[in-house]
Amino acid sequence: MRFLFLGDIVGKPGYTAVLQHAAPLKKELGLDAIVANAENASDGSGLTPRQFQRLCDAGVDAMTMGDHIYRRKEIMDTLQSSDRIVKPANYPSTAAGHTHCIVDTPAGKLGVVSLLGRVYMRPVDCPFDAIDRVLGEIENKVDSILVDIHAEATSDKQTLGRYLDGRVTAVLGTHTHVPTADTAVLPGGTAFQCDVGMTGPYDSIIGRDIRRVMETTRTFQPTHFYVATRDVRLCGAVIESDSDGKATSIQRFERAVDV
Ligand SMILES: [Fe+2]
Ligand SMILES: [Fe+2]
């Protein structure tokens with residue numbers, strides 16, 4: 001199986017880039033599936049049902065979210081009813097959404113799970129216990145498994161990557177929006193990267209207008225952080241797995257696009 005995971009889709013530039021390029025990329029890269037983190041699609045925070053539907057129609061097979069998952073309340077129904085979007089599996093059981101989804105690809109079934117880290121983040125349930133529970137439910141039903149680890153700290157991500165080495169196909173990081181140079185297939189056959197990088201405007205501070213972020217950071221005066229517009233890139237990782245669900249390769253994917 002060969003799939004592309006795109007990092008945090010940020011605002012209109014990132015969203016438009018995915019709408020325009022998902023289907024052509026599938027052909028060009030010979031992909032069986034595209035999964036994307038869509039937590040920042042709606043003006044930098046959250047995802048609307050309309051955006052969700054258009055991303056599905058454009059060729060995105062499944063979506064993960066993150067700490068901004070409930071920022072747009074309209075998405076609640078979609079989270080409950082759709083089998084193409086997941087909540088962080090270590091959110092409480094009472095929180096809206098599913099702990100995993102399964103994508104039917106031409107090369108088999110791909111399980112998708114999202115987890116939140118716990119370092120410098122709002123307290124959540126244990127991600128290790130949560131993924132153990134989810135794997136118990138899905139490992140016999142899927143051919144490959146992608147885990148999005150949405151976390152601040154590289155150590156948090158590496159610990160989870162090593163914990164899951166040999167048990168899932170890929171552990172790929174999001175949330176920090178900056179791609180890291182540590183792509184590797186770990187010894188047990190799990191592809192890993194601390195952050196696959198956002199899909200959005202790179203002439204920015206993690207996707208936001210530089211001047212606004214600078215002003216607020218220096219003066220402590222709260223302002224709206226506009227999504228930036230320039231240097232839009234699709235960013236992620238392409239993973240290849242064998243029939244045992246082990247990763248055979250991981251390659252960084254990054255492409256500048258006009259939107
Ligand atoms: Fe994000
Ligand atoms: Fe986030």
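# Exercises: two iron ions and a sheet

In this predicted model, the iron ion (ligand 1) has four protein donors, namely Asp 8 (OD), Glu 39 (OE), Asn 40 (OD1) and His 177 (NE2), lying 2.1 to 2.2 Å from the ion. Let's work outward from there.

## Exercise 1: The site of ligand 1

Work out how the donors of the iron ion (ligand 1) are spaced in sequence, and where they sit in the fold.

*Solution.*
- Step 1. Write the spacing pattern: it reads D-x30-E-N-x136-H.
- Step 2. Place the start of the pattern. Asp 8 belongs to strand β1 (residues 2–9), while Glu 39 is in the loop between β2 (33–37) and α2 (49–58); these two are 31 residues apart, so distant parts of the chain are linked.
- Step 3. Check burial: Asp 8 and Glu 39 are both buried.
- Step 4. Look at the angles. Among the 4 donor atoms they run from 89 to 171°, and the site is irregular.

## Exercise 2: The second iron ion

Find which residues hold the iron ion (ligand 2), and which residue coordinates both ions.

*Solution.*
- Step 1. List the protein donors: Glu 39 (OE), Asp 67 (OD), His 150 (NE2) and His 175 (ND1), at 2.1 to 2.2 Å from the iron ion (ligand 2).
- Step 2. Compare with the donors of ligand 1. Glu 39 coordinates both ions, which are 3.4 Å apart.
- Step 3. Locate two of the donors. Glu 39 is in the loop between β2 and α2, and Asp 67 is in the loop between β3 (62–64) and α3 (76–81), so the pair ties together parts that are 28 residues apart in sequence.
- Step 4. Check burial again. Glu 39 has a relative accessible area of 1%, so Glu 39 is buried. Asp 67, at 31%, counts as partly exposed.
- Step 5. Judge the geometry. The 4 donor atoms subtend angles of 84 to 143°, so the arrangement is irregular. Tetrahedral would need all angles between 85 and 135 degrees.

## Exercise 3: A closer look at His 177

Is His 177 buried or exposed, and what does His 177 touch?

*Solution.*
- Step 1. Find the residue: His 177 is in the loop between β7 (170–174) and β8 (184–185).
- Step 2. Read the accessibility. The relative accessible area is 6%, so His 177 is buried; the cut-off for buried is under 20%.
- Step 3. Look for polar partners. A polar atom of the His 177 side chain lies 3.1 Å from the backbone oxygen of Ile 206.
- Step 4. Check the contacts beyond four places in sequence: among them are Asp 8, Glu 39 and Asn 40, along with Tyr 202 and Ile 206.

## Exercise 4: The sheet and its helices

Trace the strand order of the open sheet, then say which helices pack on the strands.

*Solution.*
- Step 1. Count and order: there are 6 strands, arranged β4-β5-β6-β7-β9-β8, with mixed pairing.
- Step 2. Find the edges. β4 (101–105) and β8 each have a single partner strand, so one side of each is left without a neighbour in the sheet.
- Step 3. Zoom in on one pair. β6 (residues 144–150) and β7 are parallel over 5 bridges, and His 150 stands opposite Thr 174 in β7.
- Step 4. Add helix α4 (residues 127–138), which touches β5 (108–116) and β6 and makes about 160° with the direction of β5.
- Step 5. Add α5, which lies across β5, β6, β7 and β9 (191–193) at about 170° to β7.
- Step 6. Pick a residue in α5 (residues 154–164): Gly 161. The relative accessible area of Gly 161 is 0%, so Gly 161 is buried. Beyond four places in sequence, Gly 161 contacts Val 171, Leu 186 and Phe 192.

Conventions
Residues are numbered from 1 along each chain as its sequence is written. Chains are lettered from A and ligands numbered from 1 in the order in which they are written. This is a predicted model: local features need pLDDT of at least 70, side-chain atom pairs count only at pLDDT 80 or more; totals for chains, interfaces and linings use all residues. Side-chain values use heavy atoms; hydrogens and water are left out. Helices (H or I, at least four residues) and strands (E, at least two) are DSSP runs, numbered from the N terminus. Buried means under 20% relative accessible area, exposed over 50%, partly exposed in between (1.4 Å probe, protein chains only). A polar contact is a pair of N or O atoms within 3.5 Å; within protein, one must be able to donate a hydrogen and the other to accept it, and residues adjacent in sequence count only if both atoms are side-chain atoms. Contact means heavy atoms within 4.5 Å. Two strands pair if DSSP finds at least two bridges between them. Axes are lines fitted to C-alpha atoms, for helices over the stretch in contact, and angles run from 0 to 180 degrees between N-to-C directions. Donors are N, O and S atoms within 2.8 Å of the metal (3.2 Å for Na, K and Ca); water is not among the atoms, so sites may look incomplete. Four donors count as tetrahedral if all angles lie between 85 and 135 degrees; four count as square planar and six as octahedral if opposite donors are over 155 degrees apart and all others between 65 and 115; anything else is irregular.
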